[in-house]
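Please open the model in a viewer and keep the sequence to hand. The tour below goes from one selection to the next.

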Amino acid sequence: MKDSITKEKVFVHPIEKVWDAISKAEEISAWFIQADFKAEKGYQYTFTSEPNEKGCTTISGTVKEANPYVLAYTWIVADTKVETTVTWTLESVAEGTKLYLEHSGISNYGGETAIAMFESFNGGWDNCVNLLTDYLKTVVNAG
């Protein structure tokens, strides 16, 4: 089984705008999930969502790296003790900003649960990238 999910997306927006959208609590809360978050190494964050049909719930963890333009944090789903890692890396490109997203350590769940979590996270991150795209286009209107 694959242990990590990767996503790539090129945005026409400047790297600073994309960085703010993924690293500032008020912006994360606007497009993704209610966030108590600071892009500071060691910060204990919480993303809070009401349980829903998509399986969204509370996520918590610790910021491991927050150096523009790399943001990495542990990802622990409520009611589990399993720790995975989410890493966002931004790169300036001619078109604007290239985003690399990796969610690794999914095999830490083990067995059938790992397969189910991989499928859930994979679809969730596709949705997340789409939400970020829409947010940057409409709310930030940076490009």
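In this tour, buried means under 20% relative accessible area, exposed means over 50%, and partly exposed covers what lies in between (1.4 Å probe, protein chains only). The model is predicted, so local features need pLDDT of at least 70 and side-chain atom pairs count only at pLDDT 80 or more, while totals for chains, interfaces and linings use all residues. Residues are numbered from 1 along each chain as its sequence is written, and side-chain values use heavy atoms, with hydrogens and water left out.

**Strand 5 and its neighbours**

Select residues 70-77, which make up strand 5. Helices (H or I, at least four residues) and strands (E, at least two) are DSSP runs, numbered from the N terminus. Of the 8 residues of strand 5, 6 are buried, so the strand is largely enclosed by the rest of the structure.

Add strand 4 (residues 59-67), which runs antiparallel to strand 5 and is joined to it by 6 bridges. Two strands pair if DSSP finds at least two bridges between them. Look for Ser60, whose bridge partner in strand 5 is Ile76. The hairpin that joins strand 4 to strand 5 passes through 2 residues.

Next, add strand 6 (residues 84-93), also antiparallel to strand 5 and joined to it by 6 bridges. Here Trp75 has Thr84 of strand 6 as its bridge partner. Strand 5 and strand 6 form a hairpin with 6 residues between them, and Asp79 in the turn has a positive phi of about 70 degrees.

**Salt bridges**

A salt bridge is a side-chain nitrogen of Lys or Arg within 4 Å of a carboxyl oxygen of Asp or Glu. By this rule there are 3 salt bridges.

Select Lys7 and Asp126, which form a salt bridge with their closest N and O atoms 2.6 Å apart. This pair links distant parts of the chain: Lys7 is in strand 1 (residues 4-11) and Asp126 in helix 3 (residues 111-140), 119 residues apart. Lys7 is buried, at 13% relative accessible area, whereas Asp126 is partly exposed, at 36%.

Move to Lys98 and Glu8, whose side chains meet in a salt bridge at 3.4 Å, N to O. Lys98 lies in strand 7 (residues 96-104) and Glu8 in strand 1, so the pair ties together parts that are 90 residues apart in sequence. Lys98 is partly exposed, with a relative accessible area of 22%, and Glu8 is exposed, with 53%.

Then select Asp20 and Lys24, where the salt bridge is 3.8 Å, N to O. Lys24 is partly exposed, at 34% relative accessibility.

**Aromatic rings**

Rings of Phe, Tyr and Trp (its six-membered ring) pair if their centres lie within 6.5 Å; planes under 30 degrees apart count as stacked, over 60 as edge-to-face and the rest as tilted. The count by this rule is 15 aromatic pairs.

Select Phe37 and Tyr73: their ring centres are 5.4 Å apart and their planes at 70 degrees, so the pair is edge-to-face. Phe37 sits in the loop between strand 2 (34-36) and strand 3 (44-48), and Tyr73 in strand 5, 36 residues apart. Phe37 is buried, at 4% relative accessible area, and Tyr73 is buried at 2%.

Go on to Trp88 and Trp125, with centres 5.8 Å apart and planes at 85 degrees, so this pair is edge-to-face. Trp88 belongs to strand 6 and Trp125 to helix 3, 37 residues apart. Both residues, Trp88 and Trp125, are buried.

To finish, select Trp31, Phe32, Phe37, Tyr45, Phe47, Tyr73, Trp75, Trp88 and Trp125 together; ring pairs link these residues into a cluster.
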